[in-house]
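Me: Please take a close look at one part of this model, the metal site, and then set out what surrounds it in the description. I would like one connected answer.

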Amino acid sequence: MDLTIDPVAINLKVGMEIHQQLATNGKLFCSCRSKETEKYDKTFVRKLRPTQSELGSYDPAVLFESKKMRTIKYYASRTSSCLVEADEEPPHDVDGESLEIALIISLALHSDIGDELHVMRKIVIDGSNTSGFQRTILVANGGYLDVDKKRVRVQSICLEEDAAKLISDNGKIREYGLDRLGVPLVEIALEPVTCTPEEVMLIALTLGRLLRASKRVARGLGSIRQDVNISIDDGAVVEVKGVQQLDQLVKVIRYEMLRQHGLIIIAQKLTDRKAVEKEIGDRIEDVTEILAKSSSKVVINSLQENNGIFKAMRVRHFGGMMGFEPYPDIRIGKQLSELVRFYGLGGIFHSDELPGYGINVEEVQAIKNKLRIDAEMDAFVLVGGASYKVDFAIEAIIQRLKIALNGVPPETRAPTLEGKTVFSRPRPGAARMYPETDISSIPVSSSRITSLSEKVPKTMDEILNSLTNKYGLNKKLAEQIFDSNYFNIFEEIAGSMKEVRPTFIASKLTEDLISLERQGLDSAVLTDEIIIDVFKRLDNGMIAKEGVISIFEKLMKKEAKTVEEAKSALGITSISDQELEIIIEQILRENRAIIIEKQLGAVGILMGKSMVLLRGRADGHKINSMLRKKLEYFLMKDNSSAARTSTPF
Ligand SMILES: [Zn+2]
């Protein structure tokens, strides 16, 4: 099977929306600390049932959600939330620092900033905001980003508040942490471009770098999220929400290309078979009786749910097509199973996979009889669970199968860890916005824009050049340190060291730390203070070069809490110059034969032997220079005393 589809041939189009958290002290509409908390000291509960007028939609998914009276439990901490997050006090004025950053980013993207900015409310129905809406400010329109030789257009730039952090959801109670609610984000929407998945990654990387160059955005996992809109020829736009890493982005786009192309192939086959909309779900029967005594565990579990029932629907001309896979794992049956999970059901059964899962031939035949299926070409879908869920799910399946005749349904999907996507909800219509009445509009004067122009970050090329010139880093290392989470701290350390070279610092903070992370160790324990402390000790000669990563490793393994503890756990006791001298002289004496044979060429072997004894206790450079000096002296003495046949030591 050919799994390489040419993205150009199918006209792959990708639009991106990037949400970047800003590095500010306060939140967008209050002065609470803009940091995530682990410890909460207060909880409160709200009931949530959005009204029809708020939803503005008759979509079965939205209606289903609105039928559920949800209990939402919020967790709050005094340091990271106040009455504003609890929706018990109106929002304060927009945080000036956040607005300044959003304006600088808009200037960097050549975007057109409005004279007067308005705070708007966007309805959210999932409880992720205590107020029932998210506040957002359209800061600028249009603009562009140059990526290689391509110019990518910007649609809009918004400043908005982040939602509360989802802690858990058991279907009845949903729990959120308020620490993240109100954290300022900049949302940049790019126009869709025709390109390859790799080019999309490059666009995201370039935009991410431009943002980081401002030095005023948050870094680390979760501080930047991508929503991608993906479509191909003859398909609808599919939105994949919340991609966090660049390599995941490429995988997700590749998977969607295959999935969408596969769905189009299926649609063509269905058209050839003369499947039509009105024959999808034209008979729906309650088959609870037939399955009541089934030996299938899955069936019995579903029936044991509150008012558990089983319904079957006839789908004409779909026989063999439910399980048909144009590409591995891409089939209608799987799409339907993903769909019904939204309605709280575990999945579906379809006629292509039955008898199976404990459902026997007689039961299948009884279902077929009840649905009046006699042709091989006809299929059925079987759904079980609580009756109200089953009814909603049947309705959604009919709609979904009707779309299958055309190919790709417009929907919102979520990325998985393996870089695939799963259905999360039907695509909502354009969000309805209302003006925020509690905050007055914000004028942006042209003089303010002019003064902010000086703060526009340098381009990536300019930054890399300056890293090369200032610190002597090669291009690769300059890129690595810039893309890492340690760029700011690198500059701080490199600027204050006397002995330690910037190249050494950069390579420890990139390659070496990454290789420790790849072993599954957590670098989050390495605070800026710890990193600075370790390099200072190195600069003062208190630890050897080799000690830097050993100490980081001890801390990351949680085998030590402080640098001092890590040092003693490693047995690093700083060795004095005098002790070093004694040890080296000892090594020379013990290797006299090698020295006489190899003369100065013995230095490599001796260095190796020295490091075995001295690693982590003295600096390698120091050992090397002392070793050379001693060796030269040794040889000189040895040669001059050769006549008298005495030894120099
Ligand atoms: Zn607050």
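Reply: Donors are taken here as N, O and S atoms within 2.8 Å of the metal, and since water is not among the atoms, sites may look incomplete. In this predicted model, the protein donors of the zinc ion are the SG atoms of Cys30, Cys32 and Cys82 together with Glu85, which is listed twice through OE, and they lie 2.2 to 2.6 Å from the ion. Along the sequence these donor residues follow the spacing C-x1-C-x49-C-x2-E. Cys82 is partly exposed, with a relative accessible area of 30%, whereas Glu85 counts as buried at 4%.

Another glutamate, Glu256, is found in helix H5, which spans residues 246-272, and it is buried, with a relative accessible area of 0%. The side chain of Glu256 makes a polar contact of 2.7 Å with that of Gln260, and, leaving aside neighbours within four places in sequence, Glu256 is in contact with Ile230, Val238, Val240, His261, Arg413 and Thr421.

There is also an open sheet of four strands, in the order S16-S17-S19-S18 and with antiparallel pairing. Strands S16 (280-286) and S18 (349-350) stand at its edges with a single partner strand each, so one side of each is left without a neighbour in the sheet. Between S17 (residues 308-315) and S19 (residues 379-386), which run antiparallel, there are eight bridges, and Lys311 stands opposite Val383 in S19. Helix H10 (residues 387-404) packs on this sheet, touching S16, S17 and S19, and its direction makes about 150° with that of S19.

Technical notes
Residues are numbered from 1 along each chain as its sequence is written. This is a predicted model: local features need pLDDT of at least 70, side-chain atom pairs count only at pLDDT 80 or more; totals for chains, interfaces and linings use all residues. Side-chain values use heavy atoms; hydrogens and water are left out. Two strands pair if DSSP finds at least two bridges between them. Helices (H or I, at least four residues) and strands (E, at least two) are DSSP runs, numbered from the N terminus. Contact means heavy atoms within 4.5 Å. Axes are lines fitted to C-alpha atoms, for helices over the stretch in contact, and angles run from 0 to 180 degrees between N-to-C directions. Buried means under 20% relative accessible area, exposed over 50%, partly exposed in between (1.4 Å probe, protein chains only). A polar contact is a pair of N or O atoms within 3.5 Å; within protein, one must be able to donate a hydrogen and the other to accept it, and residues adjacent in sequence count only if both atoms are side-chain atoms. Donors are N, O and S atoms within 2.8 Å of the metal (3.2 Å for Na, K and Ca); water is not among the atoms, so sites may look incomplete.
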